[in-house]
Amino acid sequence: MTDQNLMEKIVSLAKRRGFVFPGSEIYGGLAGTFDYGPMGVVLKENIERLWLQMFRDDRDDMYGVDAAILMNPKMWESSGHIAGFSDPLVECEKCKKRFRADHLDDTKSCPECGGKLGEERQFNMMFKTHAGAMEDDSAAVYLRPETAGGIFANYKNVIDSIHPKLPFGIAQIGKAFRNEIAPRDFIFRLRELSQMEVEYFVHPREWEQAFKEWQEMMHLFAIAIGLPSDSIHELEIADTDRAHYSKRTIDFEFDYPFGRKELWGLAYRTDFDLSAHQKGSNTSLEYLDEETKEKFIPHVIEPSLGVDRTVLAILASAYREDELGGEGRTYLALAPKIAPVKAMVSPLLKNKPELVAKAREVRAELKKVHPAIAWDDNGNIGKRYRRQDEIGTPFCITIDFYTLGDPTTSSGQGTLKDTVTLRHRDTGEQERLTVAEAAARIRAAIE
Ligand code: ATP
């Protein structure tokens, strides 16, 4: 399978099975936007929930906020985004297509039509709109280009309301908007994206230790969501390539089918943001250490994780094709913890009320372990298994006549009454288990 081919298959499966749809598809789409469908939304929520657990809730030094997307434009003036959040743009003089100059090998001729490319210029990526009825520049506001802004703006509110001791951090998940010159590669480069960000505030002399801790945490998170360790690579960003606010940045790159590209970023933002906002807002953002009486502006470590790039990395690393029972099949080897459906229960035949009733009973029992236990009685059992394989459901449980205790179907070990078949997604192997044993299997897999 070529890498191009693999991407096409992932995009096709994502649509076919309700993970990701092109945005506004019935109107021909809108570049750089995608919508999450019934399976995708749960996969995304499972990733976000796990992130909240690991980056916020399991720690005593982390707090949450959910800030507005629209902010006072002075915010982006102080942060340097109005002046500097831009990418180098070149336009073809012949076909008028626009490209990011730093993504081209040859910045003289158009990669599409071979025409002459014009002069490079800086293109600001923030989406601009107007708040209220006035449409002049006095009413201009921006859609936030990173969720970090809402965290910095609330740093003082968090200190004044809950009085955390340094070091502490604020975590937030939310939408960010970037008017990317060339959105591409499915959900990799979007104009509307979701980010999971932490701003961790430390005493300046402690930044290196905190940087190391969050670096480690990002690797642990990669493992928790099932990304193979050998597909993640750290890239130390050179001084000349770092964002305007950063003194050290490590990109966590992933081997996507279209190449090794940035999945997440970890940056040491120094006191750049708080100092800039202190100056811009004329509000003291100093921290007072009650014990030493030292007053200073904390420095910041920022682990920033794009949700959509994470979803794509998961889909790409989980996609599998194999032969099972002499037939080709496709499945997603998702970690059970993040799989949208944990198990599917089905009656062998849907026109046998006694099988259906028993299967409903088993499903109700398994739902006590986890609510994401699906029901499927459509088509033959083989088809049902294939559908669940493509969704990445780790287990399928079938209720048959043995379960009902049919005396003609007892095995050498005695009656199989109240036992079910549990099929494993990755191997297709089946086991005969009691309902309690099946429940224990599911519980063990997702814990
Ligand atoms: P790139 O160099 O690929 O444009 P970046 O360095 O500008 O990315 P950051 O500003 O560090 O990205 O943003 C933090 C995280 O947000 C990224 O690591 C990525 O996961 C995600 N992200 C950034 N831009 C996009 C985008 N256009 N589409 C989807 N996710 C994005």
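These questions and answers cover the ligand site and the protein around it.

This is a predicted model, in which local features need pLDDT of at least 70, side-chain atom pairs count only at pLDDT 80 or more, and totals for chains, interfaces and linings use all residues. Residues are numbered from 1 along each chain as its sequence is written, and side-chain values use heavy atoms, with hydrogens and water left out.

Q: What makes a residue part of the shell around the ligand?
A: One of its heavy atoms must lie within 4 Å of the ligand. 15 residues surround the ligand, and the closest include Glu180, Arg189 and Glu262.

Q: Why is the pair between the ligand and the side chain of Glu180 called a polar contact?
A: A polar contact is a pair of N or O atoms within 3.5 Å; within protein, one must be able to donate a hydrogen and the other to accept it, and residues adjacent in sequence count only if both atoms are side-chain atoms. A ligand nitrogen is 2.8 Å from an N or O atom in the Glu180 side chain, so the pair qualifies. A polar side-chain atom of Glu262 lies 2.6 Å from a ligand oxygen, so that pair qualifies too.

Q: Which strand supplies the largest share of the shell around the ligand?
A: Strand 14 does, with four residues. Strands are DSSP runs (E, at least two residues), numbered from the N terminus. Strand 14 spans 259–270.

Q: What makes a residue of the protein count as buried?
A: Its relative accessible area must be under 20% (1.4 Å probe, protein chains only). Buried residues make up 49% of the 447 residues.

Conventions. Buried < 20%, exposed > 50% of the residue type's maximum accessible area, 1.4 Å probe, protein only.
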